[in-house]
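Visitor: Could you take me through one part of this model closely, and then set that part in the context of the whole chain? I would like the cut-offs behind each term as you go.

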Amino acid sequence: MRIAVGWVIVGGLGFATVFTLFLTPIFYRWIAVLGAAPGGAAQRLKAEVEGAV
């Protein structure tokens, strides 16, 4: 019984470590590529402010 619980704990910690260190940055990079260009919101805001004046 203790061996099974040990495997679950070690496996869970290993999965969480791999997910946090490797998969999260990969997913973030994919989302960043699919999103708008960096500074795009600032450029749109500047264009709106200049158009209103």
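Guide: What follows is a close look at helix 1, and then at the chain around it.

This is a predicted model, in which local features need pLDDT of at least 70 and side-chain atom pairs count only at pLDDT 80 or more, whereas totals for chains, interfaces and linings use all residues. Residues are numbered from 1 along each chain as its sequence is written, and side-chain values use heavy atoms, with hydrogens and water left out.

The protein chain holds 2 helices and 0 strands, where helices (H or I, at least four residues) and strands (E, at least two) are DSSP runs numbered from the N terminus. Helix 1 covers residues 2–34, and its 33 residues should span 48 Å at 1.5 Å a residue, which agrees with the 46 Å between its end C-alpha atoms; the expected span is 1.5 Å times one less than the number of residues. At phenylalanine 19 helix 1 bends by about 40 degrees, the bend being the angle between axes fitted to the seven residues ending there and the seven starting there.

Phenylalanine 19 also takes part in an aromatic pair. The whole structure has 2 aromatic pairs, and phenylalanine 15 and phenylalanine 19 form one that is stacked, at 6.1 Å centre to centre and 25 degrees between the planes. Rings of Phe, Tyr and Trp (its six-membered ring) pair if their centres lie within 6.5 Å, and planes under 30 degrees apart count as stacked, over 60 as edge-to-face and the rest as tilted. Because phenylalanine 15 and phenylalanine 19 are 4 residues apart in helix 1, about one helical turn separates them. An α-helix has 3.6 residues a turn, so residues three or four places apart point the same way. Phenylalanine 15 counts as exposed at 56% relative accessibility, whereas phenylalanine 19 is partly exposed at 34%; buried means under 20% relative accessible area, exposed over 50% and partly exposed in between (1.4 Å probe, protein chains only).

Threonine 20 also belongs to helix 1, and a polar atom of its side chain lies 2.8 Å from the backbone oxygen of alanine 16. The C-alpha atom of threonine 20 is 16 Å from that of isoleucine 9, 11 residues away along the chain. Threonine 24, likewise in helix 1, is partly exposed at 37% relative accessibility, and its C-alpha lies 24 Å from that of tryptophan 7, 17 residues away in sequence.

Beyond this part, helix 2 (residues 40–52) reaches 18 Å from its first C-alpha to its last, and it lies largely in the open, because 1 of its 13 residues is buried. Of the 53 residues of the protein chain, 2% count as buried, and the C-alpha atoms fill a box of roughly 75 × 15 × 10 Å along the principal axes.

Conventions. A polar contact is a pair of N or O atoms within 3.5 Å; within protein, one must be able to donate a hydrogen and the other to accept it, and residues adjacent in sequence count only if both atoms are side-chain atoms.
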